Amino acid sequence: MAVRPITVIGHKALHSPTKKVKEVTEEIRTLVEDMFETMEAAEGVGLAANQVGSRVRIFVYDCPVPDGPNARGVVVNPVLERLGTPPPLEEEEHGEGCLSVPGEWFPLARHPRARVTGTDLDGNEVVVEGEGLLARCLQHETDHLDGYLYIDRLTGPVKAEAREAVKDRGWAADGVLRWDPSETTADKV
């Protein structure tokens, strides 16, 4: 297993839909092991394959849930179902962050519940359903696989603030399109 560099906003892998996995190979299994290790090193709760430069439709998650152990797993070829109505943005209590937009958090109203269906590495059906942070994670990671970052979904003054923050970080201007969580933490990128 290895910690892989995480792609940063502006990297082309983050802005293109990923490809469906037709067969789980040893290479895919190694990728998933590395994704779990990378997510842990980066102190994240989810990680999509394109965040480590692989354009396959897979994400991993290790997300806290109230009154229980973390929800943890891998979903191959996930299909998302959003459930419920997003709250008004002014009622959004928590910002959303992303390992590919490190150190930044912005409010984004997401659906309160979500369900993802797909398979595990052995081809068994997987259904993950959650609310709160887990629902946010499922929507966020599936967005990645569809070629969207959470800041693409921001609107109004929050979107302008996010653009300014990205510009201030100078990621694209400096050609910095990856960071290594084994060397630094996301808030220090």
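Is Arg72 buried, exposed or partly exposed? In this predicted model, Arg72 counts as partly exposed, at 49% relative accessibility.

**View 1. Asp62 and Arg72 form a salt bridge.** Their closest N and O atoms are 3.0 Å apart. Asp62 sits in strand 3 and Arg72 in strand 4, 10 residues apart.

**View 2. Five strands make an open antiparallel sheet.** The strand order is 2-3-4-7-8. Strand 2 (46-48) and strand 8 (125-131) are the edges; each has a single partner strand, so one side of each lacks a neighbour in the sheet. From one strand to the next, the twist averages 40 degrees. Helix 1 (residues 26-42) packs on the sheet and touches strand 2, strand 3 (58-63) and strand 4. The helix direction makes about 35 degrees with that of strand 3.

**View 3. Strand 4 (residues 71-83) pairs with strand 7 (residues 113-119).** Six bridges join them in the antiparallel sense. Glu81 stands opposite Arg115 in strand 7. Glu81 and Arg115 also form a salt bridge, with closest N and O atoms 2.6 Å apart. The two residues are 34 residues apart along the chain. Arg115 is partly exposed at 23% relative accessibility; Glu81 is partly exposed at 37%.

**View 4. Arg169 forms a salt bridge with Glu104.** The closest N and O atoms are 2.9 Å apart. Arg169 belongs to helix 3 (residues 156-169) and Glu104 to strand 6 (residues 101-107), so the pair ties together parts 65 residues apart in sequence. Glu104 is buried, at 16% relative accessible area. Arg169 is partly exposed, at 25%.

**View 5. A network of salt bridges links Arg82, Glu96, Arg110, Arg136, Asp143 and Arg153.** The whole structure holds 13 salt bridges.

Definitions and conventions: Residues numbered from 1 in each chain as written. Predicted model: local features only at pLDDT ≥ 70, side-chain atom pairs only at ≥ 80, totals over all residues. Heavy atoms only, no water. Pairing = 2+ DSSP bridges. Helix = DSSP H or I, 4+ residues; strand = E, 2+ residues; numbered from the N terminus. Axes fitted to C-alpha atoms, helices over the stretch in contact; angles between N-to-C directions. Contact = heavy atoms within 4.5 Å. Salt bridge = Lys/Arg side-chain N within 4 Å of Asp/Glu carboxyl O. Buried < 20%, exposed > 50% of the residue type's maximum accessible area, 1.4 Å probe, protein only.
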